[in-house]
Structures are given as C-alpha cells and as structure tokens.
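The exercises below are to be worked with the sequence and the model in view. Each task is followed by a solution in steps.

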Amino acid sequence: MCSSDLYPDGAPIDFAAMYRGGARFVIIKASDGRDKGHDGAAKWYAKDRTDAQAAGIYTGFYHYAYFPMTTVKSDIITDAQAQADKAVWRLSAVGGYTSMDLPYALDVEEWCFVKDDNGACLQRVTKANATLWVKTWLARVTATTGRRPFVYSNASFLQNYLARDVELRNYPLWIAHSGPKP
C-alpha cells in the first residue's frame, strides 16, 4: 500500500486504524525524479514513517523514476546516479534505516518522454537505455546504503522496457497488479 495515494483532503493517515485493519507494512513515496514530485513527497514521508512505525507497521520508501531524454550513455548513468542520490538523501534525512524499515524501492513505469495533444506517446525510452539506467540506480543505492533495493513495476513495462539482465536478477521484484476498480 502506498501512503501518497491515501490522503483524503490532505489529512494525515490514521496508521493505528490501518494496523487494526490488518496492514503490516506500507511503502511511502519519499523521492521522485522530477522536482515537483520530489518536493511533494517531502511534505509527508518523514511523518508517515514515524507514525506508521509507532503504530507497529513496517515501512519502506520508494523513488518514482523518470528516464532522461537522451541516448548518451554517460548522461543516462549520471542521471540515474543523481536520482539515486535523491533517494539516499531522503533516507539520510530521517536517520537511515531502522529495524522497522524495508529496503528502498525503485518504481519504474514511466516510459514516454513526449506525448501529443491527445496523450499518445511520440518518443519513448529504449530497452537498452532503461536497463542501463535501472542497473545504475540500483547499484548506487546498494553501494551507498548497504541494503539491496527492490524494483516495483508492472508486467508490461518489464516486458517492453527492461532487458533480461543477469545483474537485475540480484534485486527483488515486486510486480504491480491492480485489482478491479469499484
């Protein structure tokens, strides 16, 4: 369950009620590849973590990734490292991992750079560039935090935009699956 999706009218989440309802972990958006999303996550992530853990709920943070609009490998690596650093800085700002923290998650699902007026994708990331970026981000977070992050994505993105790479096998995968809409 992602906490950023649960703010009715901007009110804090009642984690004690969530615990009573059976929730035992929550994944909180803490960082984002774009400044607007990154700044928005800053509003709640530390409080959500504190409140959730106080209620007995394990917490994890996630980074919502955006790929750079480039095909230059060195620029892709630099961007992935910079976005990884954003995640690590957020974790550092709350004192690092606690005994109630899950590893950081990388949320990758945004593959389109340019859309037309009707929302159709005109330019998208290549499989090779997405794979390079993801491997770089994961390696940087692992090296900096000492914990292996995991990848969160949907089956379509994984099939179409990530290569089956031996390095990626070292990271846990959480495949998104949305239930029926009410």
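A residue counts as buried when its relative accessible area is under 20%, as exposed when that area is over 50%, and as partly exposed in between. The model used throughout is a predicted one.

**Exercise 1.** Determine whether Ile28 is buried or exposed, and state how far Ile28 lies from Gln81 in space.

*Solution.* Begin with the location: Ile28 belongs to strand β1. Next, apply the cut-off of 20%. The relative accessibility of Ile28 is 0%, so Ile28 is buried. Finally, consider the distance: Ile28 and Gln81 are separated by 53 residues in sequence, and their C-alpha atoms are 21 Å apart.

**Exercise 2.** Classify Ala120 by its accessibility and name the residues that Ala120 touches beyond four places in sequence.

*Solution.* First, locate the residue: Ala120 sits in the loop that runs between β4 (112-115) and β5 (121-124). Second, take the relative accessible area, which is 36% for Ala120; Ala120 is therefore partly exposed. Third, list the contacts: leaving aside residues up to four places away in sequence, Ala120 touches Val114 and Lys115.

**Exercise 3.** Describe the surroundings of Ser153, including the polar atom pair formed by its side chain.

*Solution.* Ser153 is part of strand β6, which covers residues 150-154. Its relative accessibility is 0%, and Ser153 is therefore buried. A polar atom of the Ser153 side chain lies 2.5 Å from the backbone oxygen of Val108. Val108 is also one of the residues in contact with Ser153 when those up to four places away in sequence are left out; the others are Glu109, Leu158, Trp174, Ile175 and Ala176.

**Exercise 4.** Establish whether Lys86 is buried or exposed, and find which backbone oxygen its side chain reaches.

*Solution.* Lys86 is placed in helix α4. Its relative accessible area is 13%, so Lys86 counts as buried. The side chain of Lys86 reaches the backbone oxygen of Asp32, at 3.2 Å. Among the residues that Lys86 touches, not counting those up to four places away in sequence, are Ser31, Asp32, Gly33 and Arg34.

**Exercise 5.** Identify the residues with the most contacts inside the largest nonpolar core, and the elements that contribute to this core.

*Solution.* As background, nonpolar side chains tend to be buried together in soluble globular proteins. Here the largest nonpolar core comprises 36 residues, and those with the most contacts inside it are Val108, Trp133, Val134 and Trp137. At least two residues of this core come from each of α1 (15-20), β1 (25-32), α3 (45-54), α4 (73-93), α5 (127-145) and α6 (155-161). Another core, of six residues, lies apart from it and includes Ile27, Tyr64, Tyr66 and Ala105. As a last step, examine Trp137: the residues it touches, not counting those up to four places away in sequence, include His63, Tyr104, Leu106 and Pro149.

**Exercise 6.** State how much space lies in the largest pocket and how the residues of its lining divide.

*Solution.* The largest pocket holds about 360 Å³ of space. Among the residues that line the largest pocket are Lys127, Val151, Leu158, Gln159, Arg164, Asp165 and Tyr171. Sorted by kind, the lining has seven nonpolar residues, one polar residue and four charged residues. One residue links this exercise to an earlier one: Leu158 lines the largest pocket and is touched by Ser153.

Technical notes. Residues numbered from 1 in each chain as written. Predicted model: local features only at pLDDT ≥ 70, side-chain atom pairs only at ≥ 80, totals over all residues. Heavy atoms only, no water. Helix = DSSP H or I, 4+ residues; strand = E, 2+ residues; numbered from the N terminus. Buried < 20%, exposed > 50% of the residue type's maximum accessible area, 1.4 Å probe, protein only. Polar contact = N/O pair within 3.5 Å; in protein donor to acceptor, adjacent residues only side chain to side chain. Contact = heavy atoms within 4.5 Å. 1 Å grid on protein atoms, 1.4 Å probe; cavity = no way out; pocket = protein on both sides within 12 Å on 5 of 7 lines; lining within 4 Å. Points joined across faces, edges and corners; volume = space filled by probe spheres on them. Nonpolar A, V, L, I, M, F, W, Y, C, P; charged D, E, K, R; others polar. Core = buried A, V, L, I, M, F, W, Y, C linked by side-chain atoms within 4.5 Å.
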